[in-house]
Amino acid sequence: MIEADGGSRGNPGPAGYGAVVRDAVSGEVLAEAAESLGVTTNNVAEYRGLIAALTKAAELAPDADVEARMDSKLVVEQMSGRWRIKHPDMKPLAMEARKLASGFSSVRFTWIPRERNKHADRLANEAMDAAAQGREWSASSSSAPAASDDEEPHRPTTAGWAAPTGAPTRTLLLRHGETSLSAEKRFAGVGEIPLTETGVLQAKAAAKALAGRSIDAIVSSPLGRARQTAQEVADVLDLPVRTEDGFRETDFGDWEGYTFAEVRERWPAELDTWLADPSVAPPHGESFTDVARRVNTARDKLLVRFRQQTVLIVSHVTPIKLLVRSALEAPPSSLYRMFLDVSSLSEIDWYADGPAVLKRFNDTHHLG
């Protein structure tokens with residue numbers, strides 16, 4: 001993930017850019033750059049920031065899938081091909097940026113508000129200050145450390161809702177049908193548990209309900225109960241089923257196969273700690289924090305591959321709840337306040353330049 005910004009004091013005026021490369025999962029800063037540009041315009045500086053960020057990313061991972069985030073609506077729309085480039089100064093810069101972008105596996109351009117682009121904005125302002133003083137920006141003169149800044153780019157900070165533009169990427173979220181463990185309300189994690197006869201009927205009912213939807217792709221957890229459910233839909237829609245490991249269920253470790261009451265009896269202290277802290281894992285299991293990391297990675301890959309398309313994701317309770325939590329910008333405790341039936345449908349629209357929108361949740365009308 002790259003972030004870039006640029007500006008000038010006067011437009012044209014003393015100008016500079018800032019560029020940051022992050023690990024898309026952890027948010028760790030992998031590289032940064034800034035440069036004083038002398039006297040030029042805001043738009044030139046913004047493009048130069050993008051070019052610098054793409055260059056740094058190519059040095060680190062030339063075959064990566066990249067999300068380029070900027071608070072310049074102009075650059076994002078022009079690089080996405082939605083706006084024409086009219087100014088002669090912009091055309092060669094855009095060509096250079098596109099040439100760099102073409103070397104990656106994929107590049108998605110995303111507009112973000114300025115408050116979510118603080119690191120690159122800070123670097124750009126330092127570079128502009130240096131330009132105004134007739135000197136070059138250097139890392140030693142930076143007012144904050146590069147790799148230890150505590151901004152969290154995946155945590156949205158906007159308090160309100162802003163109307164997005166463009167079409168969303170739509171995800172239909174289908175929980176698998178009933179299994180013997182779900183029927184008895186037992187922890188069911190990464191073990192292979194087939195659908196019951198009722199579960200197969202539920203999967204067929206979901207397939208019938210989805211038959212009238214325009215669905216471009218089906219992506220499933222690799223676990224058998226999810227793939228079995230996905231295949232029922234795939235047979236109706238005549239689509240292949242892709243598997244994505246990131247959408248598998250939580251590994252509940254030693255609690256697999258037990259009811260909540262049985263876990264309360266056998267592991268009371270561990271259960272209390274687990275319920276209080278999403279970073280805590282069940283004994284020999286996986287924490288919700290770790291699950292969220294892989295679910296978010298799987299989601300980001302999907303948003304790049306199927307941009308502005310409709311995708312059916314067949315998964316499990318925890319990954320679906322985590323996607324809903326992310327869309328709502330809800331706290332970790334929200335995971336314990338959602339209920340998902342087997343074979344239920346939820347729906348989220350993900351916008352490239354605005355908040356996600358939860359359109360329905362735990363819909364089971366097709367099971368009536």
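What follows is a walk through a predicted model, from its confidence scores to its sheets and its aromatic residues.

On confidence, the chain averages a pLDDT of 88, and 92% of the residues come in at 70 or higher. The weak spot is residues 143-159, where the pLDDT drops below 50. Even so, that stretch makes 33 contacts in the model beyond its near neighbours in sequence.

Turning to the sheets, one of them is open and built from five strands, lined up as E3-E2-E1-E4-E5 with mixed pairing. Strand E3 (29-40) and strand E5 (106-111) sit at the edges, each pairing on one side only. From one strand to the next, the twist averages 15 degrees. At the E5 end, strand E4 (residues 65-70) runs parallel to E5, and six bridges hold the two together. Met70 faces Trp111 of E5 across this pairing. Helix H4 (residues 118-132) lies across three of the strands, namely strand E1 (2-8), strand E2 (13-22) and E3. Relative to E2, helix H4 runs at about 150 degrees.

Further along the chain comes strand E7 (residues 217-220), which has partners in both E9 and E8. With strand E9 (residues 310-315) it runs parallel and shares four bridges, and Ala217 has Val311 as its bridge partner there. With strand E8 (residues 241-243) the direction is again parallel, this time with three bridges, and Ser220 stands opposite Thr243. Between E7 and E8 the chain passes through helix H7 (residues 224-237), and the three elements make up a right-handed β-α-β unit.

Which residues of E7 are buried on each side? In a regular strand, side chains alternate between the two faces of the sheet. Here Ala217 and Val219 are on one side, Ile218 and Ser220 are on the other, and all four are buried, so that both faces of E7 are covered.

The aromatic residues give another view of the fold. A search of the whole structure turns up nine aromatic pairs. One of them is Phe187 with Trp255, a tilted pair at 5.8 Å centre to centre and 55 degrees between the planes. Phe187 belongs to the loop between helix H5 (180-183) and helix H6 (197-210), while Trp255 belongs to the loop between E8 and helix H8 (260-266). The pair therefore bridges distant parts of the chain, 68 residues apart, and Phe187 counts as buried because its relative accessible area of 11% falls under 20%. Trp255 is buried too, at 0% relative accessibility.

Trp255 also pairs with Trp274, this time edge-to-face, with 5.2 Å between the centres and 90 degrees between the planes. Because Trp255 is in the loop between E8 and H8 and Trp274 is in helix H9 (residues 268-276), this pair ties together parts 19 residues apart in sequence. Trp274 is likewise buried, with 6% relative accessibility.

These three residues are part of a wider cluster. Ring pairs connect Phe187, Trp255 and Trp274 with Phe252, Tyr258, Trp267, Phe288 and Tyr336.

Terms used. Residues are numbered from 1 along each chain as its sequence is written. This is a predicted model: local features need pLDDT of at least 70, side-chain atom pairs count only at pLDDT 80 or more; totals for chains, interfaces and linings use all residues. Side-chain values use heavy atoms; hydrogens and water are left out. Buried means under 20% relative accessible area, exposed over 50%, partly exposed in between (1.4 Å probe, protein chains only). Two strands pair if DSSP finds at least two bridges between them. A crossover is right-handed if, with the strands pointing away from the viewer, the path from the first strand over the helix to the second runs clockwise. pLDDT is the predictor's confidence in each residue, from 0 to 100. Contact means heavy atoms within 4.5 Å. Rings of Phe, Tyr and Trp (its six-membered ring) pair if their centres lie within 6.5 Å; planes under 30 degrees apart count as stacked, over 60 as edge-to-face and the rest as tilted. Axes are lines fitted to C-alpha atoms, for helices over the stretch in contact, and angles run from 0 to 180 degrees between N-to-C directions.
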